Amino acid sequence: MPKIVKADAANIRKAASIIRDGGVVAFPTETVYGLGCDTFNERAALEVYRIKRRPSSNPLIAHVLDIPMAKRVVIGWDVRCQKLAEAFWPGPLTLVLPRRAEVAPSSIGGRSTVAVRSPSHQVARQLLEATGSPISAPSANRTGRISPTKAEHVVEEFSDEPDLMVLEGGTSHVGLESTVLDLSRARPMVLRPGAITKDMLSPIVGEVADPLFAGQGSSPGTSSRHYAPRTRTEMVDTANIERRLQSCPDPVVVLASRAEIVPPPHVAIVMPSEAKEYAAKLYESLRQADSLDRNLILIERPANKGGVWEAVHDRLRRASA
Ligand code: TXA
Ligand code: MG
């Protein structure tokens, strides 16, 4: 089993030296936990892909402490980038820009662009500070599975990696992966919606294009089935829940707005009514539902009122694809 360690000064130093020596460490961010390695180390990146069982074409995000560190990773840092970083960094916004030659090609699937973001979680920041250089990291889950929002989730994912160190950082309070904004094309495009919404971005970058939904296209990690429980998962409208449950021969789990609409022996996991709270609870709830080991998870479709609900709906669609 991987080891969860307290993020005290000694362990942060140890984690930083593992990364500097070409190793891999799991660490918390405000969005989800990440599986980190040195951005400039080719072999370290390959190790991340091996542990995660990630297709080599799907690029990693380079995590940076601040703007000067971002400039060691990307080129073409213009006034838009400056304004975006000043408005939203540190925080859940990732920018895709042309890369510097030093970035390990294996960490970005050989692309000419690289994604960068500056996390706000204090443990991530201390780790970046101690390492002194950018840390490339995907979410610390096996490919296609639910992203981890607690150190224990990382252990569940990588139970066969006894040497993996996991820095303890509590619950990731955003709970959904960062917004990925591609600035490398003619018109800025959100490749993955997140807590930083289009409405927050457009005052700075102008009109923001929607993703192409090109499957394995521009952002390979956004393939349609993703963030998925092992159990079959289905979305259902509130009006149809009663009927759907009547047609289930065995007890199922329902992520629902209210426990009352889920009669026993079915099990309800009650979800918050506000988007941010829903987002923060979603992955843990899916894990909990999965662990109950029923043959179906139903998700009551929340109303899509825009804003952060866009990101929630994106993940719900993928979880149930
Ligand atoms: O919140 C997050 O972003 C978390 C934490 C750990 O920072 N990280 C994360 O990484 O979600 P990952 O690898 O699970 O997702 C990164 C996403 C993928 O959809 C990937 O395809 C996209 O970002 N991406 C990375 N580099 C890209 C690039 N150069 N061009 C287009 N998409 C890119
Ligand atoms: Mg991921």
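Accessible areas here come from the Shrake-Rupley method with a 1.4 Å probe. On that basis the protein exposes about 13400 Å². Carbon and sulfur atoms supply 51% of that area. The model is a predicted one.

**Overall build**

The protein holds 10 helices and 14 strands. Its radius of gyration is 20 Å, close to the 20 Å that the globule rule gives for 321 residues, so the protein is as compact as a globular protein of that length. The C-alpha trace spans about 60 × 45 × 30 Å along the principal axes.

| Property of the protein | Value |
|---|---|
| Residues counted as buried, of 321 | 56% |
| Contacts joining residues at least 24 apart, among those between residues at least 6 apart in sequence | 67% |
| Share of exposed area from carbon and sulfur atoms | 51% |

**Nonpolar cores**

The largest nonpolar core has 43 residues. Within it, Trp77, Trp89, Leu95, Leu167 and Leu201 touch the most other members. A second, separate core counts 24 residues, including Tyr227, Tyr278, Leu282 and Ala289.

**Helix H9**

Helix H9 covers residues 275–291, which makes 17 residues. From first C-alpha to last it reaches 24 Å, close to the 24 Å expected at 1.5 Å a residue. The helix is not straight throughout: H9 bends by about 40° at Leu282. Leu282 is also one of the members of the second core.

Which residues of H9 are buried? They are Ala275, Tyr278, Ala279, Leu282, Tyr283, Ser285, Leu286, Arg287, Ala289 and Asp290. The list takes in Arg287 and Asp290 alongside Leu282 and Leu286.

Both helices and strands supply cover for these buried residues. The helices include H6 (151–157) and H10 (308–319). The strands include S12 (253–256), S13 (267–270) and S14 (297–300). Just after H9, Asp293 takes a positive phi of about 60°.

**Arg287**

Arg287 lies in helix H9. Is this arginine buried or exposed? Arg287 has a relative accessible area of 7%. The cut-off for buried is under 20%, so Arg287 counts as buried.

What is Arg287 in contact with, leaving aside its neighbours within four places in sequence? The partners are Arg145, Ile146, Ser147, Pro148, His153, Glu156 and Glu157. Helix H6 (151–157), part of the cover over the buried residues of H9, spans the positions of His153, Glu156 and Glu157 among these contacts.

Technical notes: Residues numbered from 1 in each chain as written. Chains lettered and ligands numbered in written order. Predicted model: local features only at pLDDT ≥ 70, side-chain atom pairs only at ≥ 80, totals over all residues. Heavy atoms only, no water. Helix = DSSP H or I, 4+ residues; strand = E, 2+ residues; numbered from the N terminus. Expected span 1.5 Å × (residues − 1). Bend = angle between axes of the 7 residues up to and from the residue. Buried < 20%, exposed > 50% of the residue type's maximum accessible area, 1.4 Å probe, protein only. Contact = heavy atoms within 4.5 Å. Core = buried A, V, L, I, M, F, W, Y, C linked by side-chain atoms within 4.5 Å. Rg over C-alpha atoms; globule rule 2.2 N^0.38 Å.
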